[in-house]
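Good morning, and thank you for attending. Please take a moment to look at the sequence and the structure before I begin.

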Amino acid sequence: MADSIMSKAATMEIPINSNGDTGTLPEDDSLEQDLQQVMVSGPNLNETSIVSGGYGGPAGGIIPTSSIKGPAVRFNPEYVDRRRAPAPGPDIRMKSRGVGLPNSQSAATRLSQHTDQHPGSSNNNTGNSTEELSRGVAVEKLDSVKKWGINTYKCTKQMFSERFGRGSRTVDLELEAQIDVLRDTKSKYETILKLTTALTTHFQSMVETQQALGDTFADLSQKSPELQDEFGYNAETQKLLCRNGESLLSAISFFVSSIDTLVNKTMEDTLLTIKLYENARLEFDAYRSDMEELSLGPRDAAAMVRIEMAQHDYQIHRDKYERLRSDVTIKLKFLDENKVKVMHKQLLLFHNAISAYFAGNQEQLEQTLIQFNVKLKPPGTDKPSWLEEQ
């Protein structure tokens with residue numbers, strides 16, 4: 001009977017609410033602390049007493065616990081799990097008392113409040129992942145700088161070895177000859193471009209002068225009746241020369257534009273590929289020399305690993321060198337064909353236009369412009385605007 005009374009009293013003293021939170025009422029704090037002390041150290045039956053009866057029942061006497069003998073209260077983990085799990089429905093003790101208790105906060109709400117109070121704990125994983133990502137990027141950059149340093153060292157060593165006659169270099173005699181011819185041709189075409197540009201500038205100034213002189217003669221023809229015919233003849237002659245000069249100027253400008261495209265775009269693009277080819281050739285020879293030096297050394301395990309790595313790098317740079325050599329050969333072939341086609345047309349245009357102008361054959365000059373699809377440009381249109389000059 002004492003055991004049943006004790007279990008009933010212990011059960012009636014445990015508060016239960018909607019989610020098992022015992023800290024919602026101030027009067028239950030002491031009960032919670034007593035219960036935790038009982039779980040830790042066990043009950044002291046010599047100093048406690050049990051009140052018979054329960055809530056809503058008749059009042060009974062106080063039974064001293066010193067006369068009750070029985071097993072001590074033990075910790076029940078299932079009770080803790082039930083206490084942590086949310087239990088739907090109102091608090092049983094509060095319902096018996098007739099007191100309405102508002103719904104307690106959910107676990108997610110309490111977790112969010114805890115996160116707001118302690119923001120560092122929620123961002124711990126995010127901070128770690130960001131730090132790992134930054135560390136990975138730094139390692140990649142360090143590896144790329146290391147590879148670049150090794151490659152630069154080997155290429156510099158190979159370059160000095162070639163200059164001082166201590167190292168060998170790969171030479172394609174036929175391709176090297178074509179490259180030399182291209183560079184010489186580009187230099188001569190640049191001279192043609194420079195001279196024809198100067199001719200265009202000077203001739204444009206002459207046309208503008210002739211136009212101004214013709215306007216002056218025409219004005220004096222109106223203001224000088226005694227010399228009206230003479231001024232009129234000279235005005236017509238200067239206007240005719242100015243018109244023919246504009247036609248020739250359009251032909252020369254078209255010639256200069258075509259030469260500029262050929263020299264500064266087509267040839268420059270081929271020379272850029274040639275530069276890449278020469279750099280690839282230097283790298284190929286550098287790694288080839290490195291592999292040959294390792295092959296002449298000892299053959300232990302560490303040396304064999306280095307030789308395999310050197311052979312791998314050698315094969316990569318050899319493929320790159322052969323690919324760029326093929327690209328240079330193809331571009332030189334197409335450049336030669338394009339150069340012949342463009343220069344044949346432009347040289348014929350330049351010759352016919354110059355001959356027709358100085359022969360005074362206006363009809364032939366106009367036919368030449370029509371034949372080569374040259375549009376007539378008035379003087380001063382090729383000059384850059386004020387905004388472009390700024």
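How much space lies in the second largest pocket? In this predicted model, that pocket holds about 460 Å³. Its lining is made up of 15 residues. Those that lie nearest its centre are Ile150, Lys154, Tyr287, Met309 and Asp313. Three elements give two or more residues each to this lining, namely α7 (residues 124–163), α9 and α10. As a general remark, rolling a probe the size of a water molecule over the atoms shows where empty space is left.

Let me now place the pocket within the overall fold. The protein contains 12 helices and 2 strands. In sequence order, the pattern is α-α-β-β-α-α-α-α-α-α-α-α-α-α. Of the 390 residues, 26% count as buried. The exposed surface of the protein amounts to about 26,700 Å², and carbon and sulfur atoms supply 57% of it. If we take the contacts with a sequence separation of 6 or more, 79% of them join residues 24 or more positions apart.

I turn next to helix α9, and to two of its residues. Arg281 is located in this helix. Is Arg281 buried or exposed? It counts as buried, because its relative accessible area is 9%, and the cut-off for that class is under 20%. Setting aside neighbours within four places in sequence, Arg281 is in contact with Glu162, Arg169, Thr170 and Tyr321. The second residue, Ser258, also has its place in α9. Ser258 has a relative accessible area of 16% and is therefore buried. Between Ser258 and Leu193 there are 9.6 Å in space, C-alpha to C-alpha, although the two are 65 residues apart in sequence.

We now move along the chain to the loop between α10 and α11, where Gly360 is found. Gly360 has a relative accessibility of 53% and so counts as exposed. Its C-alpha lies 8.3 Å from that of Asn244, a residue 116 positions away in sequence.

At the start of helix α11, Asn361 places a side-chain oxygen within 3.4 Å of the backbone nitrogen of Glu363. Helix α11 itself covers residues 362–371. Which of its residues are buried? They are Leu365, Thr368 and Leu369. These three lie on the same side of α11, because they cover an arc of only 95 degrees around the axis. In general, an α-helix has 3.6 residues a turn, so residues three or four places apart point the same way. The cover over the buried residues of α11 includes α9, residues 228–295, and α10, residues 301–359. On the other side of α11, the exposed residues are Glu363, Ile370 and Gln371.

My last point concerns Asn373, which follows α11. Asn373 belongs to the loop between α11 and α12, the latter being residues 386–389. With a relative accessibility of 64%, Asn373 counts as exposed. What is notable about its backbone is a positive phi of about 55 degrees, although Asn373 is not a glycine. By way of background, most residues other than glycine have a negative phi.

To close, I would draw your attention again to helices α9 and α10. Both give two or more residues to the lining of the second largest pocket, and both are among the elements that cover the buried residues of α11. Thank you for your attention.

Conventions:
Residues are numbered from 1 along each chain as its sequence is written. This is a predicted model: local features need pLDDT of at least 70, side-chain atom pairs count only at pLDDT 80 or more; totals for chains, interfaces and linings use all residues. Side-chain values use heavy atoms; hydrogens and water are left out. Buried means under 20% relative accessible area, exposed over 50%, partly exposed in between (1.4 Å probe, protein chains only). Helices (H or I, at least four residues) and strands (E, at least two) are DSSP runs, numbered from the N terminus. The arc is that of the directions from the helix axis to the C-beta atoms. Contact means heavy atoms within 4.5 Å. A polar contact is a pair of N or O atoms within 3.5 Å; within protein, one must be able to donate a hydrogen and the other to accept it, and residues adjacent in sequence count only if both atoms are side-chain atoms. Accessible areas come from the Shrake-Rupley method with a 1.4 Å probe; for residues, only the protein chains shown count as cover. On a 1 Å grid over the protein atoms alone, a cavity is a set of points where a 1.4 Å probe fits but cannot get out, and a pocket is an open set with protein on both sides within 12 Å along at least five of seven lines; lining residues have an atom within 4 Å of a point. Grid points are joined across faces, edges and corners, and a volume is the space filled by probe spheres set on the points.
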